[in-house]
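Colleague: I'm new to this and keep tripping over the vocabulary. Could we go through some of the labels and see what earns them?

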Amino acid sequence: MPFAVLSKRAGFLLASGRVSRSIQAMARRNSAGMSDSVYGDLLERARAVVPRLETNLHKGQAGRIGIVGGSVEYTGAPYFAGISALRVGADLVHVFCCQSAAMVIKSYSPDLIVHPVLDDHCAMEKMEKWLDRLHVLVVGPGLGREHAVLENVAALLKHCRHSGIKVILDADALHLLTLDFSLARDLSGAILTPNAVEYRRLFGETKSLNDLREIIGKEVTVLEKGLSDKIYDVTLTNQVYYVPPGGSARRCGGQGDLLSGALATFYCWALNCKQETNPALVACFAASILTKHCNEEAFREKGRGTLCCDMIEQIPKIFRKHFEHF
């Protein structure tokens with residue numbers, strides 16, 4: 001079947017919510033930029049970075065993740081990101097949020113360690129003692145656009161540039177970059193996760209890797225979210241990887257937060273895996289695949305009423321199926 005015809009057929013089924021495994025398999029085989037061999041290689045590499053569960057491990061060795069976000073209007077986003085990181089397999093998650101959001105986020109789950117510091121005039125001083133303990137930061141879920149908060153986040157990103165902490169920039173952190181892109185340029189190991197609209201705000205219609213490298217530098221990876229997620233690897237391979245289509249037509253709020261939390265855990269593991277030469281690429285691929293399968297499985301059960309919390313419930317099942325060691 002020609003790819004153009006396949007894409008049209010797959011698009012119809014995705015739009016209607018009816019996505020068969022055979023169509024997804026065909027789309028995977030024919031999707032530009034990712035052959036079966038590339039798909040299989042990335043999946044095996046994703047499995048390889050997952051640490052084995054052993055009784056001699058200590059709490060924190062499987063990942064200490066920081067979520068920077070949470071405002072009076074948006075308390076769900078940092079929760080979704082944090083709890084997804086834990087469900088994938090991180091040991092500890094710290095949420096750095098505004099004071100008005102802290103008690104609400106605490107009430108969602110006692111598994112999250114919540115710091116109400118993000119709108120404090122001494123925010124960096126209060127966060128700094130925790131930052132060196134963390135492996136990866138997710139900046140942006142529920143952040144909001146208050147000037148004082150964005151100033152604190154800008155200071156945080158400058159700190160990360162010097163300390164080497166790996167950062168994932170999502171949601172309102174991407175808005176901050178539209179105001180000052182120098183905060184991300186050549187931020188070593190950073191991953192940006194824009195949707196299609198956010199991508200255009202950041203980069204216009206730029207799709208050329210050479211042009212993209214001129215904008216972001218050589219140390220930043222971009223995961224553009226969409227029907228087929230695109231991973232722009234300007235760091236090592238100088239390629240665009242098109243992750244096969246998946247999921248459903250149900251676009252509930254919080255899916256991007258789930259992806260960012262999962263991405264943080266996979267990225268932590270990939271960074272700690274000495275054999276992995278391209279941690280950002282492998283982590284982006286793994287998080288994209290997991291999120292799409294969680295959406296598909298939740299939609300199968302809940303249909304049009306699917307919520308992000310339904311997707312999060314599917315994480316253990318999807319992880320065991322695609323990434324777990326047996």
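Modeller: Sure, and let's start with a definition: a salt bridge is a side-chain nitrogen of Lys or Arg within 4 Å of a carboxyl oxygen of Asp or Glu. Keep in mind that this is a predicted model.

Colleague: So why is the pair Lys126 and Asp120 called a salt bridge?

Modeller: Their side chains meet with N to O at 2.8 Å. The cut-off is within 4 Å, so the pair gets the name. In general, side chains of opposite charge can pair when their charged atoms come close.

Colleague: What makes Asp120 buried and Lys126 partly exposed?

Modeller: Buried means under 20% relative accessible area, and exposed means over 50%. Asp120 has 18%, so Asp120 counts as buried. Lys126 has 39%, which lies in between, so Lys126 is partly exposed.

Colleague: How many salt bridges does that rule give?

Modeller: The count comes to eleven. One of them joins Glu276 and Arg45, at 2.6 Å from N to O.

Colleague: What makes you say that Glu276 and Arg45 link distant parts of the chain?

Modeller: They are 231 residues apart. Glu276 sits in the loop between helix H11 and helix H12, while Arg45 belongs to helix H3. Glu276 has a relative accessible area of 10%, so it is buried. Arg45, at 22%, is partly exposed.

Colleague: And why are Arg300 and Glu297 about one helical turn apart?

Modeller: Because they are three residues apart in helix H12. Their closest N and O atoms are 2.7 Å apart, and they form a salt bridge. Both also belong to a network of salt bridges with Glu296 and Lys317.

Colleague: Let's turn to the record. Which positions does UniProt mark as "binding site"?

Modeller: The unreviewed UniProt entry lists several, among them Gly142, Asn195, Glu198 and Asp257. Those four are also in the lining of the largest pocket.

Colleague: Why is Gly142 called buried?

Modeller: Gly142 has 8% relative accessibility, so with a cut-off of under 20% it counts as buried. Gly142 lies in the loop between strand E4 and helix H7. Leaving aside neighbours within four places in sequence, its contacts include Gly69, Ser71 and Tyr74.

Colleague: Is Asn195 buried or partly exposed?

Modeller: Asn195 has a relative accessible area of 31%, so Asn195 is partly exposed. Its side chain reaches the backbone nitrogen of Val197 at 3.1 Å.

Key
Residues are numbered from 1 along each chain as its sequence is written. This is a predicted model: local features need pLDDT of at least 70, side-chain atom pairs count only at pLDDT 80 or more; totals for chains, interfaces and linings use all residues. Side-chain values use heavy atoms; hydrogens and water are left out. UniProt positions are given in the numbering used here, feature names are shortened, and annotations may be inferred rather than shown by experiment. On a 1 Å grid over the protein atoms alone, a cavity is a set of points where a 1.4 Å probe fits but cannot get out, and a pocket is an open set with protein on both sides within 12 Å along at least five of seven lines; lining residues have an atom within 4 Å of a point. Helices (H or I, at least four residues) and strands (E, at least two) are DSSP runs, numbered from the N terminus. Buried means under 20% relative accessible area, exposed over 50%, partly exposed in between (1.4 Å probe, protein chains only). Contact means heavy atoms within 4.5 Å. A polar contact is a pair of N or O atoms within 3.5 Å; within protein, one must be able to donate a hydrogen and the other to accept it, and residues adjacent in sequence count only if both atoms are side-chain atoms.
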